[in-house]
Amino acid sequence: ITVTAGNGTTAGAISDNLTTSEDANILTSGVATLSAQTGIGGTTAPDDIDTNVGTLVATNAQVTGDIVIDEVNALTIRQAAQTFSALASVGVIAITAGGDITVEAGTPSLGQGVSIAGTGSGTITLTATGNGSDISIENTVAGKLGAVTLQAGDNVSLTATGSISTTGGNVTVTGNFDSGDSTGAITMNAASTINSGSGTITLTEQENVTLTGLTSTSSANPA
């Protein structure tokens, strides 16, 4: 499924017309590709785009407009990006799934990660809800001045090709988020990194945290 709103010179947004329910309005076991100039969904419920898809590609190309997705099941994110780099974009990326979230690896797969271009202040939030729901970062999650927040009902892992970065936004990773049990782990592969620039880094989990490659220049105590 491919949905395109706007053409680069003409503004266009993708919005949810099912304002009285949260039923999925994009359904496919394959790839849903959403491209807009001024936003994909909105941050005020029920303005998010409700999906039941296998793999998501979502890009917003102008200085304003958010990317807000509410997936009913597990989700593979091939790309989610605020791509406007000429000015400081303010649009956020907020993706929630009712199962696992995987930020797809690159070559030989097609993953391009999650990103805010330029000097954008928009935040990135990935939330995998429910007991047993994991977040696996197999590619880059790259913010700029806005915060990056990962919240999983169970585990959060970064593979050898996974990284989280900002230039000044705070990075927060939480396992066992809003779930009814007390199990879960945050696990970083030895080759993975988290770099928050001048922002802070906070990792919180009920059980084990296995870490490597944390970098912050923040003067806050703690950083």
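Q: A salt bridge is a side-chain nitrogen of Lys or Arg within 4 Å of a carboxyl oxygen of Asp or Glu; how many does the structure hold?
A: The structure holds 1 salt bridge. This is a predicted model, in which local features need pLDDT of at least 70 and side-chain atom pairs count only at pLDDT 80 or more, while totals for chains, interfaces and linings use all residues. Residues are numbered from 1 along each chain as its sequence is written, and side-chain values use heavy atoms, with hydrogens and water left out.

Q: What makes the contact of Arg78 with Glu104 a salt bridge?
A: The closest N and O atoms of Arg78 and Glu104 are 2.7 Å apart. This value is within the 4 Å limit, and the pair therefore qualifies. The partners belong to distant parts of the chain, 26 residues apart: Arg78 is in strand β5 (residues 75-82), and Glu104 is in the loop between β7 (101-103) and β8 (113-116). Strands here are DSSP runs of E with at least two residues, numbered from the N terminus.

Q: Why is Arg78 called buried?
A: Buried means under 20% relative accessible area, exposed over 50%, and partly exposed in between (1.4 Å probe, protein chains only). Arg78 has a relative accessible area of 17%, so it is buried. Its partner Glu104, with 12%, is buried as well.

Q: Why are β5 and β8 said to pair?
A: Two strands pair if DSSP finds at least two bridges between them. β5 and β8 have 4 bridges, in the parallel sense, and therefore meet the criterion. Within this pairing, Gln82 stands opposite Ile116 in β8. β8 is also joined to strand β11 (residues 140-142) by 2 bridges, and these strands run parallel. That number meets the minimum of two, so β8 and β11 pair. Val114 stands opposite Val141 in β11.

Q: How do you know that β15 pairs with β12 and with β18?
A: Strand β12 (residues 148-152) and strand β15 (residues 171-174) share 4 bridges in the parallel sense. β15 and strand β18 (residues 201-204) likewise pair in the parallel sense over 4 bridges. Both counts satisfy the requirement of at least two. Gln151 stands opposite Thr174 in β15, and the bridge partner of Val173 in β18 is Leu203.

Q: Why is Gly175 called buried or exposed?
A: Gly175, in the loop between β15 and β16, has 4% relative accessibility and therefore counts as buried. Contact means heavy atoms within 4.5 Å. On that basis, Gly175 touches Ala152, Asp154, Val156, Ile186, Thr204 and Glu205, residues up to four places away in sequence not being counted.

Q: What is the phi of Asn176?
A: Asn176 has a positive phi of about 55 degrees although it is not a glycine. Asn176 is found in the loop between β15 and β16 (186-188). Because its relative accessibility is 8%, Asn176 counts as buried.

Q: What makes Val209, Leu211 and Leu214 a nonpolar patch?
A: Patches are made of residues with over 30% relative accessible area and no salt bridge; like charges are joined within 9 Å, and nonpolar side chains (Val, Leu, Ile, Met, Phe, Trp, Tyr) within 5 Å. Val209, in strand β19 (residues 209-210), has 34%, which exceeds the 30% threshold. The value lies between the buried and exposed limits, so Val209 counts as partly exposed. The three residues together have about 230 Å² of accessible area, a quantity from the Shrake-Rupley method with a 1.4 Å probe, for which only the protein chains shown count as cover.

Q: Why is Thr9 called buried or exposed?
A: The relative accessibility of Thr9 is 76%, over the 50% limit, so Thr9 counts as exposed. Thr9 lies in the loop between β1 (2-5) and β2 (26-36).

Q: Which residues have the most contacts inside the largest nonpolar core?
A: They are Ile40, Ile95, Leu126 and Ile164, in a core of 41 residues. A nonpolar core is a set of buried Ala, Val, Leu, Ile, Met, Phe, Trp, Tyr and Cys residues joined through side-chain atoms within 4.5 Å. Residues touched by Ile95 include Leu56, Ile69, Leu75 and Leu126.

Q: What is the omega of the peptide bond from Asn221 to Pro222?
A: Omega is near 5 degrees, and the bond is cis. Pro222 is found in the segment after β20 (214-215).
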